[in-house]
Amino acid sequence: MCGIIGYVGKENATPYLLDGLSRLEYRGYDSSGIAVLSDDGTINLQKCAGRLENLRKQIGALPPKGYCGISHTRWATHGEANDENSHPHFDQSGKLVMVHNGVIENYQKLREVLEFQGHQFVSQTDSEVLSHLIGAAYDRSEEKGGESAERRLVAAVREAVKQVTGTYGIAVMHADAPDFLVGARLGSPLIVGLGKGENFLASDVSAVVAHTSDAIYLNDYDLVCLKGDEFKVERIDGGMADFQVSQVEYSAEAAELGDYPHFMLKEIFEQADSVENAFRGRLSDQEASAKLGGLQMTPQELRDVDRIVLVGCGTACHAAMAGEHLIESLARIPTEVEIASEFRYRNVPMDKNTLVFVISQSGETIDSLGALREAKRKGFRVLGIVNSVGSTIARESDGGAYMHSGPEIGVAATKSFTSQYMLLTLLALLLGRMRDMSVSDGQEILREIRALPDKIRKVLQLNERIKEIALKYVDAPGMLFLGRQFNYCSALEGALKMKEISYIFASGHASAELKHGVIALVTEDLPSVFVAPKDSVFKKNMSSIEEVKARKGPVIAITTEGNDELDRIADEVIYVPETIECLNPILSVIPLQLLSYHFAVARGCDVDKPRNLAKSVTVE
């Protein structure tokens, strides 16, 4: 959600900070700001609501100069999106400045205490309360004297964060401690980027990948002190911190737009490669099965699994729903999907042989992380399916599988869905071959998996055709998305993409549910998108399409190449290559992604940064 980038080194901080903020725009934000400590000891702070371009214009041709600075993109939680609520925030003295990701749940009570002590606040945010709290602790220690400004600042951060309830990822700077930054995290991601004669503090590695490939992923309750030529990671309680320097998995070029007009379109077109990356090195012809060594479970431990719980949010939850169908169909293991935000507050009955999977592209989703910790607290083995190496979910899970999709910058998830689907297919294949799946069935799945990249490229050749369809229905007030069995998740995902980036009403349903209430929405102006490949339930889908056409509703159908039965009834037909039933959603969801993309672009929407949304949801 919100983005943090801090710099301390030998160069002017401002260009680094602005570049980092531009790389964090994809996370979703409604204001931005920057604070730079000048050589004369003054803090130059500029911030404003709106897009980063507004901040650039405000800064103008004479950017603030200094070798240490912090900056922020804010996604509003407490207080509306305006200039005053933008970050960074000063303390009462005006000598300390801070940026904050997360939520301080007890901020109101703390604010009342501080106001009683004479503090005056200029915003409605919970974050400003924390800056005042740190500043007050620093001022008290200054009166005592005896320590350097740097150590007093560290002690003040320690004292303040122990008083707050909630989550935080913070970067703090003080005029008395030039060329020195302090960071701390609890529940909100924070990384350290290590350069040569310069160091970075950021909420996301993408903000610093252009400058360094060495990163430290901080753990909860870690505190870091940064100078240009040194760093120190400690625990907030003063103990030693356990950390390691990791290599960033992708290059800065991988996160660039290239020749595409939007990141979303770029990432849709990357899916042939990202799906192949998800299964590369994980197929075993000898065993007619999959290899997932990252699960860190013996064959016997996997055979002993009696039940699986899949946990996720948004797109990851839709992938989990597909996973439920895959695992139960191919491996015959009872599987249940839980929305991460609900799981942690439900008392879900699970026996000792239950295996939990947490699915998250970023590996930092706060609800999914909370679900992971709740399951581990109850003694269950928890595995992760994530894209971001070094993320919190990856580090705290007992094992898992990386998607290896590369950076996904567009807020609307695309390639992460198909990669998650592929990993869940591999899991279902692995577990199925350990039970009653035949060698021949396993070999067929392997053949079809290997054929997917070329088939995806063939689907992507339909881009212009799908654009024509989108333009035809661009004035539609909404859309229905319908599918059955494996493609029920495709319908849900197609509706989510349309809602996220075009802001129209869109609703996904199992096709057979049409007559149980949904059909009341059908009109001549409301298109229905059916995912209806030539599979075991095609005739059932045909019946549902007939029901819509009987009420004069427009129908856009996605079906299998060579199937001409829909030509006579559907208004528009999109043909995807034939594959086995369990893999069809990987092909059928791509036209839905392209449909939503072209529909939103035609309506003038910002598809990469849709309103009110954030890429990585790190607050409850």
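Ring pairs link Tyr-7, Tyr-16 and Phe-200 into a cluster in this predicted model. The structure holds six aromatic pairs. In the pair formed by Tyr-16 and Phe-200, the ring centres are 5.9 Å apart and the planes meet at 55 degrees, so the pair is tilted. Tyr-7 belongs to strand β1, where six of six residues are buried.

**Aromatic cluster and its elements**

- Tyr-16 lies in helix α1 (residues 13-23) and Phe-200 lies in strand β10 (residues 199-202), so their pair ties together parts that are 184 residues apart in sequence.
- Both Tyr-16 and Phe-200 are buried.
- The angle of 55 degrees between the two planes is under the limit for an edge-to-face pair, which requires over 60, and is therefore classed as tilted.

**A second ring pair**

- The rings of Phe-231 and Phe-243 have their centres 5.9 Å apart and their planes at 75 degrees, so this pair is edge-to-face.
- Phe-231 lies in strand β13 (residues 231-235), while Phe-243 lies in the loop between β13 and β14 (245-247), so the pair ties together parts that are twelve residues apart in sequence.
- Phe-231 is partly exposed, with a relative accessible area of 30%.
- Phe-243 is also partly exposed, and its relative accessible area is 32%.

**Charge over a ring**

- The charged end of Arg-611 sits over the ring of Tyr-503, at 3.9 Å from the ring centre.

**Strand β1 and its partners**

- Strand β1 (residues 3-8) is mostly covered, with six of its six residues buried.
- On one side of β1, the buried residues are Gly-3, Ile-5 and Tyr-7.
- On the other side of β1 they are Ile-4, Gly-6 and Val-8, and both faces of the strand are covered.
- Strand β4 (residues 68-74) pairs with β1 in the antiparallel sense over six bridges.
- Within that pairing, Gly-6 has Ile-70 of β4 as its bridge partner.
- Strand β10 also pairs with β1 in the antiparallel sense, over four bridges.
- In β10, Ala-202 stands opposite Ile-5.

**Helix α1 and its cover**

- Helix α1 is mostly covered: eight of its eleven residues are buried.
- The buried residues of α1 are Ala-13, Thr-14, Tyr-16, Leu-17, Leu-18, Gly-20, Leu-21 and Arg-23.
- An α-helix has 3.6 residues a turn, so residues three or four places apart point the same way.
- The elements covering the buried residues of α1 include β1, β2 (31-37), α2 (52-59), β4 and β10.
- Among these covering elements, β10 also supplies Phe-200, the ring partner of Tyr-16 in α1.

**Parallel sheet of five strands**

- An open sheet of five strands runs in the order β23-β22-β24-β25-β26, with parallel pairing.
- β23 (505-510) and β26 (572-576) stand at the edges with a single partner strand each, so one side of each is left without a neighbour in the sheet.
- From one strand to the next, the twist averages 15 degrees.
- Strand β25 (residues 555-560) and β26 run parallel and are joined by five bridges.
- The bridge partner of Thr-560 in β26 is Val-576.
- Helix α15 (residues 463-472) lies across β25 and β26, and runs at about 155 degrees to β26.

Methods:
Residues numbered from 1 in each chain as written. Predicted model: local features only at pLDDT ≥ 70, side-chain atom pairs only at ≥ 80, totals over all residues. Heavy atoms only, no water. Phe/Tyr/Trp six-rings, centres within 6.5 Å; stacked < 30°, edge-to-face > 60°. Helix = DSSP H or I, 4+ residues; strand = E, 2+ residues; numbered from the N terminus. Buried < 20%, exposed > 50% of the residue type's maximum accessible area, 1.4 Å probe, protein only. Lys NZ or Arg CZ within 6 Å of the ring centre and 35° of its normal. Pairing = 2+ DSSP bridges. Axes fitted to C-alpha atoms, helices over the stretch in contact; angles between N-to-C directions. Contact = heavy atoms within 4.5 Å.
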